[in-house]
Amino acid sequence: MDDLRDVLQIALRQGADFADIFIEKKSVNGIGCEDNKIERINSGIDIGAGIRVIAGDSTAYAYTNDLSLDGLGHAAQVASHAARGGASSRSIDLSRRSSPVEMVIASRPEQVALEDKVEQVLRANRHARAIDDRIKQVTVGYGDVVQEVTIANSEGDYVEDERIRTRFVVHAVAADGAVIQTGYEALGGAKGFEIFEERDPEALAQAAVDRALLMLTAKPAPSGKMPVVMSSAAGGTMVHEACGHGLEADLVQKGLSVYAGKEGQEVASPLVTVIDDGTIAGKYGTLRFDDEGTPGQKNVLIEKGVLKGFMHDRFTAGKDKCSPTGNGRRESYQHKPIPRMTNTLIASGDEIPEKIIKDTKRGLFVKKMGGGQVNTTNGDFVFDVAEGYLIENGEIGAAVRGATLTGNGPEVLRRIDRVGNDLGFAIGTCGKDGQGAPVSDAQPTLRITSLIVGGTGAAASGDDDEATAVAPAGGSGGVGGELRRLSPFELLNHPAGRIRRL
């Protein structure tokens, strides 16, 4: 602790308002199966430290993998010279911080034999390939990470923390003549090898294959405006894209968010409450401390349709003269922290999901969503439908494929008129500013009165005159960020979760 105090003093030497150091040791394992064989096994350890210095509105960041006192001191000097301010050096009394968030790991991944991890992958591969002759390719990925961090700053905070995450993904390709479709299923969390107690590899493989086979016979999705019912099993891509990125304070302060200046205003249906909660046990985005040493928190962002606040790291909180919210996250020691989501969700309501479908004469039922992107400047978003069905006369009808949903975040949130009493989570990697971060998202069953469905089938008749959702300006490029569901390819090539922006 004395050494870190000395390094922080060096960082402040040229005059600065704030300095912190983030030391990381990350152990990773990744196993990939392709073409019916174990194609790759990755394992390794990455160690390094990042030092940030803030002077006024200027931030300087330096990182090194030389963790000697001289190495850290040199990095501190570099950052200090790059961000000079007018403040003088000051004493730093480091004290250890605690967090109320518990991270219970029942089966630490580094204590599980490699052979046992490989067997989980092979089980999924064998099962998927045995289901149907139309399954032409199966890719399975397993990954785990044990991340040890030490964080200290010039305000006296000192944190030692350990994060463990495990994930498993199955991707199946089905072909029937010229028609080729895919299906995937993912499992993961801030957990160890016990994730397989929730669902075994065969169950995950079955779900991925069933989805791919279903899509082979699905009809082309219709296009046009129509009511959309989203299942709680669909995952929370919409909340992530429709408002999550727009509520990150750095984008708000840069004038890149449609929600800027709207605190206290109604920005969604009174039925909608949006929460970012880094404290939910075992979820993929859960954390004891964020990457600045702030304890994980539950933050109500929109309450009954009214905008309550934004997600802050220390830098944006300082500019807005408020407290950080536990959303300062970074991909690794090589990156400075920025405001990011953790576990983001729309709170459940009190309606029975089946009743919501029954009360919908016609529309699209989205059982599973894919990834998506958002332009936070105007709130326009687009995301893929991985599994969808037509709703006809209050009943779930034929499956459809190739559907995309486009809309405007605030407009869509205002058009939610039914909220179910269920809640389902999904995991993914959120890309922003070139950094990937593990997140989860969730929603209950929701009905949106009108949304633009993009498909290759016949145009929908469109009887909702109120629909005004618009396609994202300038294509699918997202100013704020994007959410990608984990894929075996990512696990194979970036077992540490270092997933680059597309």
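Me: Buried means under 20% relative accessible area, exposed over 50%, and partly exposed in between. This is a predicted model. On that scale, is Cys243 buried or exposed?

Reply: The relative accessible area of Cys243 is 0%. The cut-off for burial is under 20%. Cys243 therefore counts as buried.

Me: How many disulfides does the structure hold?

Reply: Cys33 is buried, at a relative accessible area of 0%. Cys243 is buried too, again at 0%. A disulfide needs two cysteine sulfur atoms within 2.5 Å. The number of disulfides in the structure is zero.

Me: How many of the eight residues of helix H5 are buried?

Reply: Helix H5 covers residues 237-244. Its buried residues are Thr237, Met238, Val239, His240, Glu241, Ala242, Cys243 and Gly244. The helix is therefore largely enclosed by the rest of the structure. The buried count is eight of the eight.

Me: Glu248 forms a salt bridge with which residue?

Reply: Glu248 counts as buried, at 0% relative accessibility. Lys432 is also buried, at 1%. The closest N and O atoms of this salt bridge are 2.8 Å apart. The partner of Glu248 is Lys432.

Me: How far apart in sequence are the parts that Glu248 and Lys432 tie together?

Reply: The two side chains meet in a salt bridge, with N and O at 2.8 Å. Glu248 sits in the loop between H5 and helix H6 (249-253), while Lys432 belongs to strand E21 (residues 424-432), so the bridge ties parts of the chain that are distant in sequence by 184 residues.

Me: How many salt bridges does a search of the whole structure find?

Reply: Some share partners: one network joins Glu185, Arg199, Arg211, Lys367, Lys368 and Glu387. Each bridge needs a Lys or Arg side-chain nitrogen within 4 Å of an Asp or Glu carboxyl oxygen. Across the whole structure, the search finds 29.

Me: How many residues separate Arg288 and Asp161, a pair that links distant parts of the chain?

Reply: Arg288 and Asp161 form a salt bridge, with the closest N and O atoms 2.8 Å apart. Arg288 lies in the loop between strand E10 (274-277) and strand E11 (298-303), and Asp161 lies in strand E6 (residues 157-176). Arg288 is buried at 19%, and Asp161 is buried at 8%. The separation is 127 residues.

Me: What is the N to O distance in the salt bridge of Asp161 and Arg163?

Reply: Asp161 and Arg163 are both buried. Their side chains meet in a salt bridge. The N to O distance is 3.0 Å.

Me: Which side chain of opposite charge is nearest to Arg330?

Reply: Arg330 lies in the loop between strand E13 (328-329) and strand E14 (338-339). It is buried but has no salt bridge. The nearest opposite charge is 4.4 Å away, and a salt bridge must fall within 4 Å. That side chain belongs to Asp20.

Me: The side chain of Arg330 joins which side chain in a polar contact of 2.8 Å?

Reply: Arg330 reaches a backbone oxygen, that of His335, at 3.3 Å. Its side chain also makes a polar contact of 2.8 Å with another side chain. That partner is Tyr61.

Me: Which residue has a backbone oxygen 2.9 Å from a polar side-chain atom of Arg401?

Reply: Arg401 lies in strand E18 (residues 395-401). It is buried without a salt bridge, and Asp176, the nearest side chain of opposite charge, is 8.6 Å away. A backbone oxygen does lie 2.9 Å from a polar atom of its side chain. The residue is Met215.

Me: How far apart in space are Leu94 and Gly156, C-alpha to C-alpha?

Reply: Leu94 lies in the loop between H2 and strand E4 (95-96). It counts as buried, at 6% relative accessibility. Leu94 and Gly156 are 62 residues apart in sequence. In space the distance is 4.1 Å.

Me: What accessible area do Ile45, Ile47 and Leu67 have together?

Reply: Leu67 is found in the loop between strand E3 (58-64) and helix H2 (69-82). It is partly exposed, at 34% relative accessibility. Ile45, Ile47 and Leu67 form a nonpolar surface patch. Together their accessible area is about 250 Å².

Note on methods: Residues are numbered from 1 along each chain as its sequence is written. This is a predicted model: local features need pLDDT of at least 70, side-chain atom pairs count only at pLDDT 80 or more; totals for chains, interfaces and linings use all residues. Side-chain values use heavy atoms; hydrogens and water are left out. Buried means under 20% relative accessible area, exposed over 50%, partly exposed in between (1.4 Å probe, protein chains only). Patches are made of residues with over 30% relative accessible area and no salt bridge: like charges are joined within 9 Å, nonpolar side chains (Val, Leu, Ile, Met, Phe, Trp, Tyr) within 5 Å. Accessible areas come from the Shrake-Rupley method with a 1.4 Å probe; for residues, only the protein chains shown count as cover. Helices (H or I, at least four residues) and strands (E, at least two) are DSSP runs, numbered from the N terminus. Lys and Arg count as positive and Asp and Glu as negative; His and the chain ends are not counted. A polar contact is a pair of N or O atoms within 3.5 Å; within protein, one must be able to donate a hydrogen and the other to accept it, and residues adjacent in sequence count only if both atoms are side-chain atoms.
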